[in-house]
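Dear colleague,

I am handing over the structure we spoke of, and my notes follow directly below it. Please read them alongside the model.

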Amino acid sequence: MNPYITPAQAVALLQQSKVVALPTETVYGLGADATRDAAVAAIYATKSRPAFNPLIIHVATMAQAALYVQMDRRAQQLATAFWPGPLTLVLPLLPQSTISLLACAGLRTLGVRVPAHPQMLEVLRAFDKPVAAPSANPSLGVSPTTAAHVAHAFAGTVPILDGGPCLQGLESTILDLSGETPTLLRPGPLTLDQIQAVIGPVAVGGSDGDMKAPGQMRRHYAPTKPVRLNAHAVTPREGLIAFGPDVPQGAHVTMNLSDQGDLQEAAARLFGVLHDLDTYPITGIAVVPIPMQGLGVAINDRLTRAAAPLESSTEE
Ligand code: TXA
Ligand code: MG
């Protein structure tokens, strides 16, 4: 079947509690009505995701977010500065919230964001309800940054709103504001410096085994081939992920995240390159060192997860 749908069809399917793949500026999401348990359960089933993993809730405006979570001063400042945009805020759930408890995975907090994608915002405004949407990949897979990735991952069984390639290409930055100390749970396109410029010092959390960001288990975003980091040389049976003009020679196939060494371009290309390399007859993927500055922090975070051995995965 042709999985591609229009924004109006996406809204109609959401109204019927169906699951649809939706574009955002970060990665494609697998969306459904966040207020209906059956719709949320269908997301978990489609993804084969364990039910204890809470989902990010997408809304059209800050005012709509305030219907479900307690927006303190810090949250309002950050939302004003960065929404719509790649920032998920974890905030205390309001007692009168109508979000499905399944979407929250039993937590008293909710991760919420306003995505910066015109067609996604069009759908959210027309639907006029919150949409729960994890990244649109089967559990443990690489996040999709094109509609074709989604079509391939679910063999055409999930309806897809094609909004073009994702401009950011990395999942949103997650900041926990549910406690006294703001804590970074997942590095992403919005950097720590940008957040600290608005609200001051932020702690860095979300380490392994820390269930505050249950989706942050070490092996995540993983291609099917083993990944080797900080490679300075490569073998003829490996695929190489390069960055910048200095490219080790001799790989079976080489893909450069950015010839110019531009971290923004590298972030946008990362998941696409991981998807593409998975289709080559190679024994593994070697990755040159990526600088740990700006967006490089989030890129290295995703690469480290992709490189973690499968045995270390206890969840998702
Ligand atoms: O960019 C994104 O955030 C994409 C697009 C589709 O919006 N979504 C995404 O969702 O990456 P997902 O489900 O793949 O990752 C959500 C992460 C998980 O690690 C989950 O544990 C964490 O957010 N999360 C969600 N709600 C949370 C909460 N209340 N407390 C702590 N972590 C939460
Ligand atoms: Mg994900």
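How many residues has helix α10, and what span does it reach from its first C-alpha to its last? This is a predicted model, in which local features need pLDDT of at least 70 and side-chain atom pairs count only at pLDDT 80 or more, while totals for chains, interfaces and linings use all residues. Residues are numbered from 1 along each chain as its sequence is written, chains are lettered from A and ligands numbered from 1 in the order in which they are written, and side-chain values use heavy atoms, with hydrogens and water left out.

Helix α10 (helices being DSSP runs of H or I, at least four residues, and strands runs of E, at least two, numbered from the N terminus) covers residues 296-307, has twelve residues and reaches 16 Å, close to the 16 Å expected at 1.5 Å a residue, where the expected span is 1.5 Å times one less than the number of residues.

Nine of these twelve residues are buried, so α10 is largely enclosed by the rest of the structure; buried means under 20% relative accessible area, with a 1.4 Å probe and protein chains only. What covers the buried residues, by contact (heavy atoms within 4.5 Å), includes the strands β10 (183-186), β12 (227-228) and β15 (284-287), together with helix α9 (263-277).

Arg305, which lies in α10, is buried at a relative accessible area of 8%, and its side chain makes a polar contact of 2.8 Å with the side chain of Asp301, a polar contact being a pair of N or O atoms within 3.5 Å, of which, within protein, one must be able to donate a hydrogen and the other to accept it, and residues adjacent in sequence count only if both atoms are side-chain atoms. Asp301 is also among the buried residues of α10.

With best regards

Key:
Buried < 20%, exposed > 50% of the residue type's maximum accessible area, 1.4 Å probe, protein only.
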